Amino acid sequence: MSFVVLTFFSCSEETIKQEAEVVSTVKSSTTTQKILAEDCSTPTLIGAADDTYNCFGLAFSLSETGVKKTMDNAEIYAAYIDSGIFKEDYSNKATKVLYWNELAGYNAKDYRAVDHAAIITDSGNTTVYSKQGLTGLYRNCIGYYYLNTAKSYYRTYALNVDLNTPATAPVRGQTFTVSLQHFAAELEIQYIWTYNTANLELVSNNGSSITLKVKDNAVAGSYTVGLSATHQRNVIINNTSFPKTVTSSYNFTLASNTPPSPAASFTGSTYVTKTSMGSWTATVSGGTAPYQLTWWLKRQQDPDSFYLQVGTGSALYLLTKTSIKSIYYNLYLRVIDANGQSFSTQPMVVQSTGVLEEAL
């Protein structure tokens, strides 16, 4: 890859003289959360020269672990960008900024052209804290690039909390694991896992992953295993820090533990005579086998009659021995499955030339 490297020193080497400025005092004595926006139109010196850390050390060591150190572009790019611990992001989740010293390297994402870094200090992604070489700590607008004020090629990055999740939704009695795709073990990140303790049982939690078991009596419904990660928590100067919490989650639905009810239907004769026996055949679906099938019959014309069981099993045969007069019957089928769930069909009207009785 070919590109032109501008003759700027990186933030590791820059020791340009700054005009005499009065160091401003941060009035707050407590941790500072990122606010919506600050006035960053003019770079403001907020910390005196300190050669124990540079801009890369500010972004990826001091702000995360509290340790002042000098770092170089290859080191931070391999450890935090190529590794996937931080991912390119331009939302209010972003906390880090990397600056490239020329366009070709910027377009190619070539770490060798990265020569500056900063941390974002407001939720609008407009204001940053920036260590200018080994000299002072500055507050300035994100687009201000002190190594080249005429041009600014930069990308912003957020902590990566993408998850590895189960391929299929867990069921009752099953153990499953949700884990971070990129775990920042070396940074002082506060990882917190949350889950439904009433229906999910903790098996293990090592920070980078959590293993849970769905309880046998877990109720049906939607479940969320959540992760929140708070980083950039350490003090930069004057008890001031700029913590950021990012979240991700795994969601799944637990189906009902009640088996579906059975259903049934039947087909057969609608007219029975002395010379033509009636037959009916049942079809059953759903529920849990084995099934108990019973057939029930009553005279339609008699208001005082009641249903009598006339057969069992999947088939029924009835006959009449007379041809005296037409009699109308109501016939239905009842099914009970192995779990005691029942289903009854709508009655069928059957005409007969005499009294119906079971064929033996």
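This passage describes a sheet, a pocket and a buried aspartate in a predicted model.

Strands of a sheet pair through backbone hydrogen bonds, and the pairing may be parallel or antiparallel. In the model, an open sheet is built from 4 strands in the order β15-β17-β20-β24, and its pairing is antiparallel. The edges of this sheet are formed by β15, which covers residues 262-268, and β24, which covers residues 357-358; each has a single partner strand, so one side of each is left without a neighbour in the sheet. The partner of β24 can be described in further detail, since β20 (residues 315-319) is joined to β24 by 2 bridges and the two strands run antiparallel. Within this pair, Leu319 has Glu357 of β24 as its bridge partner.

Strand β24 also takes part in the lining of the largest pocket, where β18 (292-299), β19 (308-312) and β24 are the elements that give two or more residues. This pocket holds about 210 Å³ of space, and among its 13 lining residues, those closest to the centre are Leu297, Lys298, Arg299, Leu308 and Tyr329. The greatest contribution to the lining comes from β18, with 3 residues. By type, the lining consists of 8 nonpolar, 1 polar and 4 charged residues.

Elsewhere in the chain, Asp122 lies in the loop between β4 (114-120) and β5 (127-131). The relative accessibility of Asp122 is 0%, and the residue therefore counts as buried, the cut-off being under 20%. The side chain of Asp122 reaches two backbone nitrogens, that of Asn125 at 3.3 Å and that of Thr127 at 3.0 Å.

Methods. Residues are numbered from 1 along each chain as its sequence is written. This is a predicted model: local features need pLDDT of at least 70, side-chain atom pairs count only at pLDDT 80 or more; totals for chains, interfaces and linings use all residues. Side-chain values use heavy atoms; hydrogens and water are left out. Two strands pair if DSSP finds at least two bridges between them. On a 1 Å grid over the protein atoms alone, a cavity is a set of points where a 1.4 Å probe fits but cannot get out, and a pocket is an open set with protein on both sides within 12 Å along at least five of seven lines; lining residues have an atom within 4 Å of a point. Grid points are joined across faces, edges and corners, and a volume is the space filled by probe spheres set on the points. Ala, Val, Leu, Ile, Met, Phe, Trp, Tyr, Cys and Pro count as nonpolar, Asp, Glu, Lys and Arg as charged, and the others, Gly among them, as polar. Buried means under 20% relative accessible area, exposed over 50%, partly exposed in between (1.4 Å probe, protein chains only). A polar contact is a pair of N or O atoms within 3.5 Å; within protein, one must be able to donate a hydrogen and the other to accept it, and residues adjacent in sequence count only if both atoms are side-chain atoms.
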